[in-house]
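Thanks, everyone. I'll keep this short. Please have a look at the chain on the screen, and then we'll go through it strand by strand.

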Amino acid sequence: MGLFSKKEMNTAAAEAFWAWFAEQEEWITATLGTPNGSDVVWAIDARIKPVFPYFKKELEFQLGFNEGKGEFFFFHFGNKHLMRDGIILAEMMPEGLRERWTVILEK
């Protein structure tokens with residue numbers, strides 16, 4: 001590490017996150033609205049953290065899935081690096097997921 005800590009997302013982790021999300025989509029959508037919905041949150045949390053290695057606080061996101069449409073809210077807290085990388089993460093979403101999911105960046 002030099003003088004500057006790198007405030008960059010881990011794109012390999014982002015690719016792995018979307019691959020996992022696509023594989024688990026059925027489980028995610030089936031579990032979200034149930035009492036076990038927090039299982040989904042913990043599973044996503046574990047896989048999304050490595051995407052933003054420079055962000056040491058708790059990442060916040062919310063998911064909703066209704067009538068075949070999913071929304072993935074990602075909170076950047078006004079952090080310019082998190083905002084930039086949230087946009088990149090959204091752009092990296094695989095085509096197959098885009099038909100059903102929207103990433104929404106929020107402060």
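Start at Gly64. Its bridge partner is Glu71, in S2. Keep in mind that this is a predicted model. That pair belongs to a ladder of seven bridges joining S1 to S2. The two strands run antiparallel. S1 covers residues 60-66, and S2 covers 69-75.

Now the turn. How many residues sit between the strands of this hairpin? Two. One thing to look at there is Glu67, in the loop between S1 and S2. Its phi is positive, about 50°, and it is not a glycine. Most residues other than glycine have a negative phi. Is Glu67 buried or exposed? Exposed, because its relative accessibility is 78%.

Next, the other neighbour of S2. That is S3, residues 101-106. S2 and S3 pair in the parallel sense, over six bridges. To find the register, look for Phe73, which stands opposite Ile104 in S3. So S2 has two partners: S1 runs antiparallel to it, and S3 pairs with it in the parallel sense.

How enclosed is S2? Five of its seven residues are buried, so the rest of the structure largely encloses it.

Follow the chain out of S2. You enter the loop that leads to helix H3, residues 80-91. Phe77 is in that loop. Here is another positive phi in a residue other than glycine, near 55°. Phe77 counts as partly exposed, because its relative accessibility is 36%.

Let's step back to the whole chain. It has four helices and three strands. From the N terminus, the order is α-α-β-β-α-α-β.

On overall dimensions, the C-alpha trace spans about 50 × 30 × 25 Å along its principal axes. The radius of gyration is 14 Å. A compact globule of 107 residues would come out near 13 Å, so the two agree.

What about contacts? Take those between residues at least 6 apart in sequence. Of these, 63% join residues at least 24 apart.

Now burial and surface. Of the 107 residues, 36% count as buried. The chain exposes about 6,600 Å², and carbon and sulfur atoms supply 54% of that.

Last item, charge. There are 12 positive and 16 negative side chains. The centres of the two sets lie 10 Å apart.

To close, go back to the hairpin on the screen and find Glu67, with its positive phi near 50°. Then trace S2 across to S3, using Phe73 and Ile104 as the marker pair.

Definitions and conventions
Residues numbered from 1 in each chain as written. Predicted model: local features only at pLDDT ≥ 70, side-chain atom pairs only at ≥ 80, totals over all residues. Heavy atoms only, no water. Rg over C-alpha atoms; globule rule 2.2 N^0.38 Å. Buried < 20%, exposed > 50% of the residue type's maximum accessible area, 1.4 Å probe, protein only. Contact = heavy atoms within 4.5 Å. Areas by Shrake-Rupley, 256 points an atom, 1.4 Å probe, with all protein chains shown as cover. Lys, Arg positive; Asp, Glu negative; His and termini not counted. Charge placed at Lys NZ, Arg CZ, Asp CG, Glu CD. Pairing = 2+ DSSP bridges.
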